[in-house]
Each structure stands twice: as structure tokens, then as C-alpha cells.
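This report introduces a protein structure to a reader who has not met it before. The sequence and the structure are shown first, and the description follows.

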Amino acid sequence: MWIACKNGDEHVARLAEAIVAGLGQALAEKGRARLAVSGGKSPVPLFKTLAEADLDWSRVTVTLVDERFVPADHPDSNERLVREHLLTGRAAAARFAGLVADPADLEASVAAANRSYQAIDVVVLGMGEDGHTASLFPAAPELAAGLDPANPNAYLAVTPPAAPHARISLTLAALLSAGRLILAIAGETKKQVFEAASANLSAALPISALIHQTKVPFDAYWTR
């Protein structure tokens with residue numbers, strides 16, 4: 001579902017409402033909930049709002065959709081971003097499951113992430129202007145494996161064609177095992193990319209794999 005918001009404040013409020021509803025449903029049904037979030041600068045206002053949400057955060061595990069292969073204290077670390085802006089206030093009671101187990105060994109970190117993986121109730125995704133989501137980049141050598149719905153692994157290592165740092169990313173197979181997928185995007189350019197991906201399923205726009213699937217509820221929240 002495409003949900004257009006009037007401004008950034010409404011965008012954050014509606015995203016937070018949807019995320020809290022999804023987590024609340026999981027808590028009611030299973031007694032626990034798992035949330036996966038994306039990094040970058042744009043989620044910071046959302047994280048700050050979620051941090052004060054009225055949830056039993058002690059029963060919530062927060063993890064990452066993807067991560068740059070850097071130490072947890074590196075400025076580019078998504079783990080650092082989440083710890084600084086989401087795991088505060090009420091959400092400080094949540095458990096965090098990071099992806100870089102050994103900052104000196106990418107393969108070992110991916111293997112550890114796969115061993116500890118548990119199905120995610122709510123996944124919050126972003127999208128680049130190249131149509132990538134998570135760290136499933138167009139033309140990445142690992143893209144075919146990442147988009148393989150039969151891939152037995154939840155995470156894989158990705159070498160971005162242009163972006164810095166190797167990545168660890170959820171696979172499409174793992175995303176399709178989630179309870180709910182939520183995409184947060186802003187700006188006219190990303191709207192046009194989303195529309196192009198909606199018109200045609202193509203590895204050139206990896207987000208299209210989620211738009212065209214029918215297995216998991218998928219909502220895109222957009223603002224100018």
C-alpha cells in the first residue's frame with residue numbers, strides 16, 4: 001500500500017504508529033517481538049519518536065536490516081546510530097542484536113548473524129535513488145543470491161559497487177519471512193524510482209522484488 005504523507009511530522013507519526021501496532025500485535029500473540037531497522041540519517045527522527053513509544057520494550061529485540069562492516073563505534077555504523085537514537089528512553093529496555101560479531105572477519109560475522117537469526121515481526125526499510133533496499137545494490141556481485149527467494153541464509157555479505165564499506169544484509173528470503181514490511185522514503189526522486197519499480201519487476205531496481213511479492217504485507221510511507 002502507498003501512503004502519502006503531507007509533511008515530515010506526519011510521516012514520522014504514521015510510521016511510528018504502524019511500527020508500534022505491528023510490535024504490539026506480536027507481543028500480544030507471542031509474548032515477544034523482533035524489530036529490524038535500517039540506518040542512515042533519515043531514520044533519526046523516527047527513532048527518537050519510537051524510543052518513547054508505550055511498549056513493553058523489555059520483550060522486544062531490535063536488530064538491523066543491514067550493516068556496514070565497521071566496528072560498532074565507527075561513525076558509519078548502523079549499530080552506533082541505533083544505540084544513540086533508538087535504544088534510549090523507554091526503548092532502552094530493549095535487547096539489541098548486532099551484526100558485526102568480529103570486525104576483523106566478515107565471513108565469521110555473517111555466519112554468526114545467520115546462526116542467531118530469528119524471524120522478524122516488523123522490518124523498517126529504506127530505499128536509495130538507485131532502487132536498492134537493505135544492502136541489496138543493483139549490480140552488486142552478490143545480488144542474485146540476495147534476491148533468491150530460496151536462499152537458505154538470512155544474511156549475506158555484499159560488496160556495493162559504489163558505496164563505501166562491505167555490508168551485511170538481510171536476503172530477500174529473510175524479508176519474505178517477516179511479519180510486516182514497512183518502507184520509509186521521501187522526495188520526488190524516490191517517488192519516481194518507486195513508481196518505476198512498481199511498473200516492472202527487475203533486478204535493476206531491487207526494491208521491485210518486495211513491491212511485486214504477495215507473501216508479506218508491504219506498506220510504503222512517502223513524504224515530500
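## Helix α3 and its surroundings

The buried residues of helix α3 pack against β2 (33-37), α2 (44-50), β3 (60-64), β4 (66-68) and β5 (95-97). The model is a predicted one. Helix α3 covers residues 78-85, and its buried residues are Asn 78, Glu 79, Leu 81 and Val 82. Viewed along the axis of α3, these buried residues fall within an arc of 160 degrees, so they line one face of the helix.

The N-terminal end of α3 is capped by Ser 77, which places a side-chain oxygen 3.2 Å from the backbone nitrogen of Glu 79. Glu 79 is also listed among the buried residues of the helix.

## Helix α1

Helix α1 runs over residues 8-30 and contains 23 residues. From its first C-alpha to its last, α1 reaches 33 Å, close to the 33 Å expected at 1.5 Å a residue. Its buried residues are Glu 10, His 11, Val 12, Leu 15, Ala 16, Ala 18, Ile 19, Gly 22, Leu 23, Ala 26 and Leu 27.

The N-terminal end of α1 is capped by Asn 7, with a side-chain oxygen lying 3.2 Å from the backbone nitrogen of Asp 9. After the helix comes Gly 31, which has a positive phi near 85 degrees. Gly 8 belongs to helix α1. With a relative accessibility of 41%, Gly 8 counts as partly exposed, because that class lies between the 20% limit for buried and the 50% limit for exposed residues. Gly 8 is separated from Leu 46 by 38 residues in sequence, and the distance between their C-alpha atoms is 9.9 Å.

## The largest pocket

The volume of the largest pocket is about 640 Å³. Its lining is made up of 30 residues, and those nearest its centre are Gly 39, Ser 42, Pro 43, Gly 126 and Met 127. Two or more lining residues are given by each of the elements α1, α2, β4, β6 (122-125) and β9 (180-186).

Which element gives the largest share of the lining of this pocket? That element is α1, with four residues.

## Helix α4 and Ser 109

The buried residues of helix α4 are Ser 109, Val 110, Ala 112 and Ala 113. Seen down the helix axis, they fall within an arc of 160 degrees, so they line one face of α4. On the other side of the helix, Glu 107 and Arg 115 are exposed. The buried residues of α4 pack against β7 and β8. At the N-terminal end, Asp 105 caps α4 through a side-chain oxygen that lies 3.2 Å from the backbone nitrogen of Glu 107.

Ser 109 is a residue of α4, which spans residues 106-116. Is Ser 109 buried or exposed? Its relative accessible area is 0%, so Ser 109 is buried. Beyond its neighbours within four places in sequence, Ser 109 is in contact with Phe 69, Leu 99, Val 100, Ala 101, Asp 102 and Ile 168.

## Residues in loops

Two residues other than glycine have a positive phi and are described here. Ala 139 has a phi near 70 degrees and sits in the loop between β6 and α5 (143-146). The relative accessible area of Ala 139 is 70%, so Ala 139 is exposed. His 165 has a phi of about 75 degrees and is placed in the loop between β7 (155-158) and β8 (167-170). At 27% relative accessibility, His 165 counts as partly exposed.

Ala 92 is located in the loop between α3 and β5. Its relative accessible area is 47%, and Ala 92 is therefore partly exposed. Ala 92 and Arg 167 are 75 residues apart in sequence, while their C-alpha atoms are 26 Å apart in space.

Definitions and conventions. Residues numbered from 1 in each chain as written. Predicted model: local features only at pLDDT ≥ 70, side-chain atom pairs only at ≥ 80, totals over all residues. Heavy atoms only, no water. Expected span 1.5 Å × (residues − 1). Buried < 20%, exposed > 50% of the residue type's maximum accessible area, 1.4 Å probe, protein only. Polar contact = N/O pair within 3.5 Å; in protein donor to acceptor, adjacent residues only side chain to side chain. Arc of directions from axis to C-beta. Contact = heavy atoms within 4.5 Å. 1 Å grid on protein atoms, 1.4 Å probe; cavity = no way out; pocket = protein on both sides within 12 Å on 5 of 7 lines; lining within 4 Å. Points joined across faces, edges and corners; volume = space filled by probe spheres on them.
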